[in-house]
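Subject: Structure for your review

Dear colleague,

Please find the structure below, together with its sequence. I would be grateful if you would read the notes that follow with the model open beside them.

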Amino acid sequence: MHGFSYQNGSLLCEDVDLLSLAETHGTPLYVYSAGTLRNHFRRLDAALAGVDHEIAFAVKSNSNLSVLRLLAAEGAGFDIVSGGELFRVIKAGGNPAHCTFAGVGKTRAEIEYALQQGIYSFNVESEEELVYLNQVAGELGLVAPAAVRVNPNVDAHTHKYISTGKSENKFGVDFGAIEALYDRAARDLPNIKLRGLQMHIGSQLTSVKPFVEAVEKVKPLVETLKARHGIEFWSIGGGIGIVYHDSLESGSPEWWDAKSDEERPLTTELYGAEIVPRLKGLGLKILLEPGRYIVGNAGVLLTRCLYEKKGTAKTFKIVDAGMNDLIRPALYEGHHEIVPLKQPGTERVLVDVVGPICESGDFFCQNRELPDFQPGEVVALMSAGAYGFVMASNYNSRPLPAEILVDGAESKVIRTRQTLEDLIAGEL
Ligand code: LLP
């Protein structure tokens, strides 16, 4: 569910007309719904109510300071993957003591910074990293809280670029090697405090089954580690998938209610119902690291049509956003609904919607039947709140778009559009 819908023929975000935002702030423009962010956070929190838990928002999915500030106020912790993300969390008023630090390639500078800030746990991805963490902590006279990421070798059935829980992926430590590694750390690494165990099998999972499979597989290991090393938390990662097809329709509760149990996409309620009973009684704090679920459907990218180009084989709608603004279609064949801001009739035309970048991969859809829209009109690329702006670049020397946060009838700029001068700042 989300805060985008047609009212009296115009697409609104909560109570704000998206066209008025496009006119005022220009395009391309990211717009987020604060109400949707809060709603998603609270729904997931409620679904986990049966166990002691903490939601550590995956900052990589959307790291705007205002988004982080809103989630910190809701009580979120944060899952970070770089010193830069920790810096952002601190600037947004987040508490480092509620931060976990993931990633296979942490640098010395990042480790030192996170140690000095007192983060909750380093989620360590290899034996080599654990040894290095012990060394750096020792040199600073500190003890590093750590959890090792276990690779449970479970197939997440998602796009190959965002599947992480199989043995052939670069992430985590093999399931069978974890016990020996914890024993070694307890014996030989005095500057490591073994605080938990972490796992994450992939992103955009649309079925609860792989989550259940991973939890069941890893649970006995967690019990052993708790008994032997007194670990206090188990992070079961992120990965809850969202609706990309029918994104606009899925904003309303009726759309969900009309689905049979078999057809209904994954919900937090189903996730909680399947996962919580399996975690109850462990006596551990359960951490979750959702990114996409919280913010994905809470954001859209507005873009204006510049030209319609009728080729012999195809009709192209050329828009002013490109793959540098939203790379998901180019990188993962990601599907984003494309919706005119003026409510369309039932007629459809077969088109490619493409950006201005000099790459054939610069498209938002190919051979898709869409309501017709003309040069000058603005459309919304739906479900763009997660892995949208954060993956944007200056490719083709295009300034980064502005970002807006809507809350009820209010809207505010939470990041100004880059200027041409910003493009060359720092260059000599
Ligand atoms: N925890 C860890 C260790 C992760 O690697 C990730 C995502 C998450 C949590 C959050 O996963 P989520 O709940 O958002 O699915 N750029 C890609 C997604 C990359 C995901 C990377 N890791 C995309 O646009 O689909």
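How do the residues of the lining of the largest cavity divide into nonpolar, polar and charged? Before the reply, please note that this is a predicted model. The lining has six nonpolar residues, five polar ones and one charged residue.

The cavities

The structure holds two cavities of 30 Å³ or more. The largest cavity contains about 130 Å³ of space. Its lining is formed by Met1, His40, Arg43, Gly241, Ile242, Val243, Trp256, Leu266, Thr267, Thr268, Tyr293 and Asn297. To find these residues in the viewer, you may begin with Met1 and then turn to the stretch Gly241, Ile242 and Val243, all of which belong to that lining.

The second largest cavity has a volume of about 50 Å³. The residues that line the second largest cavity are Met199, His200, Ile201, Phe211, Ala214, Val215, Ile236, Gly238, Tyr271 and Ile275.

The ligand and its surroundings

The ligand occupies the space of the largest pocket. Around the ligand there are 19 residues, and the closest of them are Ser203, Glu289, Arg328, Tyr332 and Tyr387. Sorted by class, this shell comprises six nonpolar, seven polar and six charged residues. Two domains contribute to the shell: domain 1 (4–11 + 297–424) and domain 2 (35–295) each supply at least three residues.

Several polar contacts deserve a look in the viewer. In the side chain of Arg328, an N or O atom is 2.6 Å from an oxygen atom of the ligand. Tyr387 also places a polar side-chain atom 2.6 Å from a ligand oxygen atom. At Gly291, by contrast, the backbone takes part: one of its polar atoms is 3.0 Å from an oxygen atom of the ligand. As for cover, the ligand on its own has 590 Å² of accessible area, and the protein covers 92% of this area.

As you work through the model, I suggest viewing the ligand together with Arg328 and Tyr387, both of which are among the closest residues, and then moving on to the two cavities.

With kind regards

Note on methods
Residues are numbered from 1 along each chain as its sequence is written. This is a predicted model: local features need pLDDT of at least 70, side-chain atom pairs count only at pLDDT 80 or more; totals for chains, interfaces and linings use all residues. Side-chain values use heavy atoms; hydrogens and water are left out. A residue is near a molecule or strand if one of its heavy atoms lies within 4 Å of it. A polar contact is a pair of N or O atoms within 3.5 Å; within protein, one must be able to donate a hydrogen and the other to accept it, and residues adjacent in sequence count only if both atoms are side-chain atoms. Accessible areas come from the Shrake-Rupley method with a 1.4 Å probe; for residues, only the protein chains shown count as cover. On a 1 Å grid over the protein atoms alone, a cavity is a set of points where a 1.4 Å probe fits but cannot get out, and a pocket is an open set with protein on both sides within 12 Å along at least five of seven lines; lining residues have an atom within 4 Å of a point. A molecule sits in a cavity or pocket if more than half of its atoms lie within 2 Å of its grid points. Ala, Val, Leu, Ile, Met, Phe, Trp, Tyr, Cys and Pro count as nonpolar, Asp, Glu, Lys and Arg as charged, and the others, Gly among them, as polar. Domain bounds come from an automatic or database domain assignment. Grid points are joined across faces, edges and corners, and a volume is the space filled by probe spheres set on the points.
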